[in-house]
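Please find below a short note on the structure under review. The points are numbered for ease of reference in discussion.

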Amino acid sequence: MKLRALLTVPTLSLSLHAGAACVAPPPSEVPVVPEGRTANAAEMHTAQQEVNAYVAAIEQFLDCRGARLPSGVYNGLVMRAEEAAEDYNAALRTYMSRQSTVAEN
């Protein structure tokens, strides 16, 4: 009985320590991506930083807790990260196309 108690305490301690390194919850607010057809360079740069931070926070959360999540939750978080990145990339393509058109005129 004492041996089991001796083994349980370090195991719990390690699991609490591992959990402490995890990000609390994944980010819930998706960054707002400006319209590429009307945004300026500063807005696009800010959006890029916010989307990168959002995706990184989800990746960090999944690296830490992903194995313990139901597959639907895990896949939903991956989808949210991918959608945020794609929204930004679509706006960036529109912005770059607009900049190219302006430069040609």
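The points that follow move from the status of the model to its fold, its core and selected residues.

1. Status and confidence. The structure is a predicted model. Mean pLDDT for the protein is 82, with 74% of the residues at 70 or more. Among the elements, the lowest mean pLDDT, 48, belongs to helix α1 (residues 2–20), and the highest, 95, belongs to helix α2 (residues 41–65).

2. The N-terminal segment. Over residues 5–17, pLDDT stays under 50. For this stretch the model has zero contacts beyond four places in sequence.

3. Secondary structure. The protein comprises three helices and zero strands. Read from the N terminus, the order of the elements is α-α-α.

4. Surface and contact order. Of the 105 residues in the protein, 19% are buried. The exposed area is about 7,600 Å², and 60% of it is supplied by carbon and sulfur atoms. Among contacts with a separation of 6 or more, 70% are between residues 24 or more positions apart.

5. Nonpolar core. The largest nonpolar core contains 15 residues, and Met44 and Ile58 have the most contacts inside it. Helices α2 and α3 (71–104) each supply at least two residues of this core. Helix α2 provides the largest share, eight residues.

6. Helix α2: geometry and burial. Helix α2 has 25 residues, and the distance from its first C-alpha to its last is 36 Å, close to the 36 Å expected at 1.5 Å a residue. At the start of this helix, a side-chain oxygen of Asn40 comes within 3.1 Å of the backbone nitrogen of Ala42. The buried residues of α2 are Met44, Ala47, Val51, Tyr54, Val55, Ile58, Phe61 and Leu62.

7. Met44. Which residues are in contact with Met44, leaving aside its neighbours within four places in sequence? They are Pro34, Ala39, Tyr88, Ala91, Leu92 and Tyr95. Met44 is itself buried in α2, and Met44 is also one of the two residues with the most contacts inside the largest nonpolar core.

8. Pro31. This residue lies in the loop between α1 and α2. Is Pro31 buried or exposed? Pro31 counts as buried because its relative accessibility is 16%, which falls under the 20% cut-off. Beyond its neighbours within four places in sequence, Pro31 is in contact with Glu50, Val51 and Tyr54; of these partners, Val51 and Tyr54 are among the buried residues of α2. The C-alpha atom of Pro31 is also separated by 9.3 Å from that of Gln48, although the two are 17 residues apart along the chain.

9. Gln60. This residue is placed in helix α2. Its relative accessible area is 43%, so Gln60 is classed as partly exposed, a class that lies between the 20% and 50% cut-offs. Gln60 and Pro26 are 34 residues apart in sequence, and their C-alpha atoms are 8.6 Å apart in space.

10. Reading the model. Any discussion of helix α1 should be set beside its mean pLDDT of 48. For helix α2, the corresponding value is 95, and this helix supplies eight residues of the largest nonpolar core.

Conventions:
Residues numbered from 1 in each chain as written. Predicted model: local features only at pLDDT ≥ 70, side-chain atom pairs only at ≥ 80, totals over all residues. Heavy atoms only, no water. Helix = DSSP H or I, 4+ residues; strand = E, 2+ residues; numbered from the N terminus. Buried < 20%, exposed > 50% of the residue type's maximum accessible area, 1.4 Å probe, protein only. Contact = heavy atoms within 4.5 Å. Areas by Shrake-Rupley, 256 points an atom, 1.4 Å probe, with all protein chains shown as cover. pLDDT = per-residue confidence, 0-100. Core = buried A, V, L, I, M, F, W, Y, C linked by side-chain atoms within 4.5 Å. Expected span 1.5 Å × (residues − 1). Polar contact = N/O pair within 3.5 Å; in protein donor to acceptor, adjacent residues only side chain to side chain.
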